[in-house]
Amino acid sequence: MNYLFSGGSILALAANKDKLETIDDFCGKGVATLLGSRVIMAQVEAASERCVKAGKGAIRAEQLPSAPDARMQLDLRRVDGYLGDFPALVYMGQQFPDRYRIVGGNYMLTQYITSWGFAKNRTGLRDAVQKPRSPCWTTAPTRSCSTNGAWQVPPCRPSA
């Protein structure tokens with residue numbers, strides 16, 4: 001069941017007053033992410049190339065072996081952004097509301113659909129997860145269930 005349209009995003013320190021709205025605002029700055037984040041790194045490398053073509057500094061990317069290690073680079077101000085999964089970054093912002101902010105509000109560097117599979121004999125769990133999602137089901141993408149007006153709800157139909 002497709003349940004959530006989300007993606008990778010960027011966490012910055014709330015105290016950083018630079019205008020950071022998208023990855024393209026990180027020209028000449030540093031970002032950190034989890035080692036092996038191939039999809040995220042592809043976006044960072046493409047943005048870095050755009051920076052260089054525009055005569056700006058490249059984006060310096062640091063990949064670390066764990067998410068806490070990567071986020072620590074932000075806390076130590078060795079980088080200007082920590083790249084990770086949007087839901088995890090939102091949670092981090094909620095835990096430390098005056099410390100972090102999501103770049104661009106709900107900016108998505110990369111997009112993906114979070115899907116869950118349920119055993120056919122566990123209909124109670126499946127139904128409990130489907131119930132709050134039901135008002136968003138449609139035959140085409142909609143903005144009605146989005147928090148920021150973006151196309152965040154993919155088309156889906158409940159399985160029989």
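**View 1. A search of the whole structure turns up 1 aromatic pair.** The two partners are Phe96 and Tyr100, and their rings meet edge-to-face. The ring centres are 6.1 Å apart, and the planes make an angle of 85°. Keep in mind that what you are looking at is a predicted model. How exposed is each partner? Phe96 is partly exposed, with a relative accessible area of 40%. Tyr100, on the other hand, has 5% relative accessibility and counts as buried, because buried means under 20% relative accessible area.

**View 2. Strand E2 pairs with strand E3 in the parallel sense.** E2 covers residues 30-34, E3 covers residues 60-64, and 5 bridges link the two strands. To find your way, look for Val31, which stands opposite Ala61 in E3. How does the chain get from E2 to E3? The chain crosses from E2 through helix H1 to E3, making a β-α-β crossover that is right-handed. E2 itself is mostly covered, with 4 of its 5 residues buried.

**View 3. Strand E2 also pairs with strand E4.** Here too the strands run in the parallel sense, this time over 2 bridges. Val31 appears again in this view, and its bridge partner in E4 is Gly81. Is E4 enclosed or open? Of the 5 residues in E4 (residues 81-85), 4 are buried, so this strand is largely enclosed by the rest of the structure.

**View 4. Helix H1 has a buried side and, turned away from it, a face with exposed residues.** H1 has 16 residues and spans 22 Å from its first C-alpha to its last, close to the 22 Å expected at 1.5 Å a residue. Which residues of H1 are buried? They are Ile40, Met41, Val44, Ala47, Ser48 and Cys51. Looking down the axis of H1, you would find these buried residues within an arc of 125°, so they line one face of the helix. A handy rule helps here: an α-helix has 3.6 residues a turn, so residues three or four places apart point the same way. The face turned away from the buried side carries the exposed residues Arg38, Glu49 and Lys53. After H1 comes Gly55, which has a positive phi near 80°.

**View 5. Ser48 and Glu49 both belong to helix H1.** Are these two residues buried or exposed? Ser48 is buried, with a relative accessible area of 12%. Glu49 is exposed, at 52% relative accessible area. Which residues does Ser48 touch, leaving aside its neighbours within four places in sequence? Ser48 is in contact with Ala58 and Ile59. For Glu49, we can look at a distance to Ile59: the two are 10 residues apart in sequence, and their C-alpha atoms lie 8.5 Å apart in space.

**View 6. Helix H3 has buried residues too.** H3 takes in residues 86-95, and its buried residues are Phe86, Leu89, Met92 and Gly93. Where do these four sit around the helix? They cover an arc of only 120° around the axis, which puts them on the same side of H3.

Methods
Residues are numbered from 1 along each chain as its sequence is written. This is a predicted model: local features need pLDDT of at least 70, side-chain atom pairs count only at pLDDT 80 or more; totals for chains, interfaces and linings use all residues. Side-chain values use heavy atoms; hydrogens and water are left out. Buried means under 20% relative accessible area, exposed over 50%, partly exposed in between (1.4 Å probe, protein chains only). The arc is that of the directions from the helix axis to the C-beta atoms. Rings of Phe, Tyr and Trp (its six-membered ring) pair if their centres lie within 6.5 Å; planes under 30 degrees apart count as stacked, over 60 as edge-to-face and the rest as tilted. Two strands pair if DSSP finds at least two bridges between them. Contact means heavy atoms within 4.5 Å. A crossover is right-handed if, with the strands pointing away from the viewer, the path from the first strand over the helix to the second runs clockwise. The expected span of a helix is 1.5 Å times one less than its number of residues.
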